[in-house]
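Morning, everyone. I have one chain to go through today, so please have the sequence and the model up in front of you.

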Amino acid sequence: MTINKKIENALSKLVNGNIWPNVVPKENSTKEWITYVVPKMPIEYGDDVDQTWLIQVNIHYVHKGIVNHLKMEKELRNRLREAGFSVTYCEPLYDDGTTATHIIINANILEDGD
């Protein structure tokens, strides 16, 4: 299974399928969504060839309005862990101007050859 599919399977139900790689589509009018970026970096070499790749996922959960960010953070982290990710960072933000809650999560997983 691809990394994108693992992320979407783990988190899609939290936002009613409103989850996209990289950016939110312009026509999006939903109240809540997730975007994610999937950078990769080699972490092990043998004979000058990369052997193992670490995938460092950057996930952005956005909810227009106030949401219990502690509950949502925990749910996001738990779902990612269940999917095999190691969560390394979590930061909640709130914008008074737009009244949007934004949770940033970084997680890692080793590439599995797909």
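Among contacts in the chain between residues at least 6 apart in sequence, what percentage join residues at least 24 apart? It is 53%. Keep in mind that this is a predicted model.

Now the layout. The chain has 2 helices and 6 strands. Reading from the N terminus, the order is α-β-β-β-β-α-β-β. Along the principal axes, the C-alpha atoms fill a box of roughly 55 × 30 × 25 Å. There are 114 residues, and 33% of them count as buried. The exposed area of the chain is about 6900 Å², with carbon and sulfur atoms supplying 50% of it. On charge, the chain has 12 positive and 16 negative charges, and the mean positions of the two sets lie 11 Å apart.

Next, helix 1, which covers residues 3-11 and includes Lys6. Is Lys6 buried or exposed? Lys6 has a relative accessible area of 15%, so it counts as buried, the cut-off being under 20%. Leaving aside residues up to four places away in sequence, Lys6 touches Met1, Ala83, Phe85, Ile109 and Asp112.

On to helix 2, residues 69-82. With 14 residues at 1.5 Å a residue, helix 2 should span 20 Å, and its end C-alpha atoms are indeed 20 Å apart, so the expected and modelled lengths agree. Which residues of helix 2 are buried? They are Met72, Glu73, Leu76 and Leu80. Viewed down the axis of helix 2, these buried residues fall within an arc of 105 degrees, so they line one face of the helix. The general background is that an α-helix has 3.6 residues a turn, so residues three or four places apart point the same way. On the face of helix 2 turned away from the buried side sit the exposed residues Leu70, Lys71 and Glu82.

Last, strand 5, residues 86-95, where Thr88 is found. Thr88 has 48% relative accessibility, so it counts as partly exposed; exposed would need over 50%. Again setting aside residues up to four places away in sequence, Thr88 touches Asn106, Ala107 and Asn108. How far apart are the C-alpha atoms of Thr88 and Thr101? Those two residues are 13 apart along the chain, and their C-alpha atoms are separated by 20 Å.

That is what I had.

Note on methods. Residues numbered from 1 in each chain as written. Predicted model: local features only at pLDDT ≥ 70, side-chain atom pairs only at ≥ 80, totals over all residues. Heavy atoms only, no water. Helix = DSSP H or I, 4+ residues; strand = E, 2+ residues; numbered from the N terminus. Buried < 20%, exposed > 50% of the residue type's maximum accessible area, 1.4 Å probe, protein only. Contact = heavy atoms within 4.5 Å. Areas by Shrake-Rupley, 256 points an atom, 1.4 Å probe, with all protein chains shown as cover. Lys, Arg positive; Asp, Glu negative; His and termini not counted. Charge placed at Lys NZ, Arg CZ, Asp CG, Glu CD. Expected span 1.5 Å × (residues − 1). Arc of directions from axis to C-beta.
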